[in-house]
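Reader: I am new to this structure and would like to be led through its packing, one question at a time. Could the sequence and model be shown before we begin?

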Amino acid sequence: MALINCPECNKEVSDSAKMCPHCGYELFDYKLRNAKKPPQYTHQPKKKNGCLIAIGAIVFISILSAIFGDDDSSDKDAIVTKIDNVDAGKSVTKSEIKTLPKLTDKQKAIKLDSLIVVYKQLYNELQTFKSSSNFKTYGFGKGGRYHTWLQRAETVSKDDQGVDILLANGLFIGDLLRLGLAYAGSEGTETDITKDINKTIIAGLKRRSTNFSSKAKSASNKARIGKWKITNLYTKEINHTIEIYKESDKYFALIDYGNEQKKETLSKKGRKYFIVGNRYGEWYLLKDDVLIMGDKEGEIEDGTIATSY
């Protein structure tokens with residue numbers, strides 16, 4: 001215990017005493033008023049010279065790296081490039097951010113085959129589990145068993161080339177996702193929304209029950225009657241092409257619009273080939289090298305001409 005002098009009577013008292021025992025002076029207030037204040041520091045701006053030196057050093061090192069660095073392109077491709085990816089939140093390699101190569105028609109046909117298999121599988125699975133108690137309780141939540149279905153559908157939707165190929169052939173992966181989320185909201189119960197989406201999906205699957213690549217491949221082994229290009233008389237541009245084939249006693253046509261293809265079953269009556277199931281009664285008539293198109297009303301005059309090639 002240290003001793004101090006009372007500021008009032010100048011007699012020695014304990015430094016822990018709140019009041020002088022000799023004169024009654026309140027030492028507590030005196031200590032507060034005379035306590036040492038902590039030193040005050042003011043912010044001093046950094047000198048710019050240090051920053052300039054640091055920047056110069058970085059630039060110098062970069063130049064040296066560029067001059068003496070390894071120029072092996074394979075090593076450069078292996079370097080992970082850090083970019084801000086809001087969706088993925090991760091780093092990607094240079095190979096991942098390159099433009100996807102353009103697929104050939106054969107590659108598109110192969111990819112279409114596999115995509116349709118996956119599309120049908122996802123649709124059939126959804127129709128199977130939508131009424132299950134687990135789906136009604138958890139939906140696509142991580143606690144339920146059908147969360148992986150949503151992940152698989154989303155994976156397909158992130159494949160830009162696959163989405164374009166399906167869309168060109170009358171199928172949209174977004175319809176499957178919308179249907180799944182609609183069922184999750186209605187706990188598997190059919191609503192006007194789910195009914196409409198189902199109609200769209202089923203119609204698309206019926207149109208693509210056999211994809212065009214398989215049709216074209218099988219058609220190459222058939223007897224082709226002819227091939228025509230449909231040209232617009234005003235713009236002189238080719239709208240699409242038509243090929244007519246005969247297989248045993250059956251006939252069919254392959255229509256290629258460039259980004260979409262379809263197959264038509266034909267019924268031959270005299271010189272005309274009628275499109276089976278067409279509500280307008282449309283038909284084709286072969287006349288020399290020209291393909292004439294018509295319907296119940298007669299020859300169709302739509303500003304196009306079909307010439308053989």
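Author: What follows is a set of questions and answers on cores, helix contacts and single residues.

This is a predicted model, in which local features need pLDDT of at least 70 and side-chain atom pairs count only at pLDDT 80 or more, while totals for chains, interfaces and linings use all residues. Residues are numbered from 1 along each chain as its sequence is written, and side-chain values use heavy atoms, with hydrogens and water left out.

Reader: Which element gives the most to the largest nonpolar core?

Author: A nonpolar core is a set of buried Ala, Val, Leu, Ile, Met, Phe, Trp, Tyr and Cys residues joined through side-chain atoms within 4.5 Å, where buried means under 20% relative accessible area, exposed over 50% and partly exposed in between, with a 1.4 Å probe and protein chains only. The largest such core has 28 residues, and Tyr119, Phe140, Trp149 and Ile201 touch the most other members. Two or more residues come from each of the helices H4 (105–129), H6 (147–157), H7 (160–168), H8 (173–186) and H9 (192–207), helices (H or I, at least four residues) and strands (E, at least two) being DSSP runs numbered from the N terminus. The element that gives the most, with eight residues, is H4.

Reader: How are H4 and H8 oriented to each other, roughly parallel or roughly antiparallel?

Author: Axes are lines fitted to C-alpha atoms, for helices over the stretch in contact, and angles run from 0 to 180 degrees between N-to-C directions; the axes of H4 and H8 lie 11 Å apart, at an angle of about 10 degrees. Angles under 35 degrees count as roughly parallel, over 145 as roughly antiparallel, 65 to 115 as roughly perpendicular and the rest as oblique. H4 and H8 are therefore roughly parallel.

Reader: And how are H4 and H7 placed, roughly parallel or roughly perpendicular?

Author: The contact, meaning heavy atoms within 4.5 Å, joins Lys108, Lys111, Leu112, Leu115 and Tyr119 of H4 to Gln161, Gly162, Ile165 and Leu166 of H7. The axes of H4 and H7 are 10 Å apart and make an angle of about 85 degrees. This angle therefore makes the pair H4 and H7 roughly perpendicular.

Reader: Is Asn198 buried or exposed?

Author: Asn198 is found in helix H9. Leaving out residues up to four places away in sequence, Asn198 touches Tyr123, Gln127, Leu179, Tyr183 and Glu190. With a relative accessible area of 10%, Asn198 is buried.

Reader: What separates the C-alpha atoms of Val163 and Ile173?

Author: Val163 lies in helix H7 and is buried, with a relative accessible area of 15%. Not counting residues up to four places away in sequence, Val163 touches Val156, Ser157 and Ile173. Val163 and Ile173 are 10 residues apart along the chain, and their C-alpha atoms are separated by 6.8 Å.

Reader: How far apart in space are Ile238 and Ala306?

Author: Ile238 has its place in strand S6 (residues 238–247), and beyond four places in sequence Ile238 touches Lys229, Ile230 and Thr231. Ile238 and Ala306 are 68 residues apart in sequence, and their distance from C-alpha to C-alpha is 9.5 Å.

Reader: How many disulfides does a search of the whole structure find?

Author: A disulfide is a pair of cysteine sulfur atoms within 2.5 Å. Cys6 is buried, with a relative accessible area of 1%, whereas Cys9 is partly exposed, at 25%. Over the whole structure, the number of disulfides found is zero.
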